[in-house]
Amino acid sequence: MSAIHAPLGIEVLKRGIVFIDLATAQIIGLALVLLVLVFDEPSWPVRQIASFGAGIGVALFFRWIERVMPEEQEAVIGSSFILAASLALLALANDPHGGEALRHLLSGQILFVSWGDIAAFLPVYGLVALIWIAVPRARSGVGFFVLFALAITASVQLVGVYMVFASLILPALAARAGSGYALRRAFASAAVAVVAGVSISTVADLPAGPFLVVCFGVSAVATRLLCRRKEPSGGEDDPHPTALA
């Protein structure tokens with residue numbers, strides 16, 4: 001997941017739409033909350049139809065906003081996030097298990113994800129990676145928003161909203177190199193965060209989701225500081241800092 005999120009997060013920073021990941025994840029989460037409230041225990045195929053349908057719908061909506069009102073795009077995206085979050089709170093207000101459901105939506109249940117869950121979403125990540133590498137033009141226009149939504153829809157069901165944001169934005173911030181981005185730095189920062197976060201949270205019996213978010217932050221700061229010391233003054237340590245593949 002982190003490997004797929006790294007180039008997507010860099011593209012998000014380049015476009016200046018940082019809140020799109022939070023908004024997309026939260027809206028997909030809202031769709032799942034409403035689905036469970038209406039159908040009690042919906043089947044896995046129904047959950048995926050609802051979640052991916054919501055994700056694609058959000059992608060097309062944000063692409064439309066980008067075209068018709070680009071100067072207000074970030075404001076609309078941020079407003080979409082807070083509206084979706086508030087609607088989720090209202091929907092769960094009278095549910096006796098609402099607090100637990102909301103916590104799972106936000107911070108996930110990473111240590112309880114099964115190999116079957118991972119296998120179910122691997123084709124989605126594989127498709128996104130294949131198109132991203134093989135069809136560069138798909139990184140612009142509506143193609144970016146659709147690929148982004150597909151990855152986020154899978155990720156939010158595995159790790160929750162907080163981890164989606166952290167694994168997209170923090171490695172991308174770590175990858176900043178001069179006027180561009182060095183993708184290998186994003187990969188390295190994310191890998192260190194995931195290995196340290198899962199290992200330490202398991203041994204110390206800490207909530208994996210929140211602790212992983214902290215690890216992503218620490219790793220991003222450490223990567224920026226370490227790489228800054230290694231860079232020659234006025235130069236770059238990556239001859240192609242903007243390359244994403």
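**Helix H1, helix H6 and their surroundings in a predicted model**

Helix H1, in this predicted model, has 14 residues and spans 20 Å from its first C-alpha to its last, close to the 20 Å expected at 1.5 Å a residue, where helices (H or I, at least four residues) and strands (E, at least two) are DSSP runs numbered from the N terminus and the expected span is 1.5 Å times one less than the number of residues. Residues are numbered from 1 along each chain as its sequence is written, and side-chain values use heavy atoms, with hydrogens and water left out. Because the model is predicted, local features need pLDDT of at least 70 and side-chain atom pairs count only at pLDDT 80 or more, whereas totals for chains, interfaces and linings use all residues.

Of the 14 residues of H1, 11 are buried, so the helix is largely enclosed by the rest of the structure; here buried means under 20% relative accessible area, exposed over 50% and partly exposed in between, with a 1.4 Å probe and protein chains only. The buried residues are Ser 2, Ile 4, His 5, Ala 6, Pro 7, Leu 8, Gly 9, Ile 10, Glu 11, Val 12 and Leu 13. Just after H1, Gly 16 adopts a positive phi of about 70°.

Helix H6 (residues 115-134) comprises 20 residues and reaches 28 Å between its first and last C-alpha, close to the 28 Å expected at 1.5 Å a residue. A kink of about 35° is nevertheless located at Phe 121, shortly before the proline Pro 123, the bend at a residue being the angle between axes fitted to the seven residues ending there and the seven starting there. Phe 121 is also buried, as are Val 124, Tyr 125, Val 128 and Trp 132 of H6. The cover over the buried residues of H6 includes helix H1 (2-15), helix H3 (44-68) and helix H7 (141-159).

The axes of H1 and H6, which come within 10 Å, cross at roughly 55°; axes are lines fitted to C-alpha atoms, for helices over the stretch in contact, and angles run from 0 to 180 degrees between N-to-C directions. That crossing makes H1 oblique to H6, since angles under 35 degrees count as roughly parallel, over 145 as roughly antiparallel, 65 to 115 as roughly perpendicular and the rest as oblique. The crossing of H1 and H6 is left-handed, meaning that the near helix is turned anticlockwise from the far one by less than a right angle, with clockwise giving a right-handed crossing. At this crossing, Ile 4, Pro 7, Leu 8 and Glu 11 of H1 meet Tyr 125, Val 128, Ala 129 and Trp 132 of H6, contact being defined by heavy atoms within 4.5 Å.

The axes of H3 and H6 come within 13 Å and cross at roughly 30°, which makes H3 roughly parallel to H6. This crossing is right-handed, and its contact is formed by Trp 44, Gln 48 and Phe 52 of H3 together with Ala 120, Phe 121 and Val 124 of H6. Val 58, likewise placed in H3, counts as buried at 7% relative accessibility and touches Thr 24 and Ile 27, residues up to four places away in sequence not being counted.

Val 58 and Arg 228 are separated by 170 residues in sequence and by 37 Å in space, C-alpha to C-alpha. Arg 228 lies in helix H10 (residues 208-230) and counts as exposed at 55% relative accessibility. In the loop between helix H9 (183-204) and H10, Asp 205 has a positive phi of about 60° although it is not a glycine, and at 68% relative accessibility Asp 205 counts as exposed.
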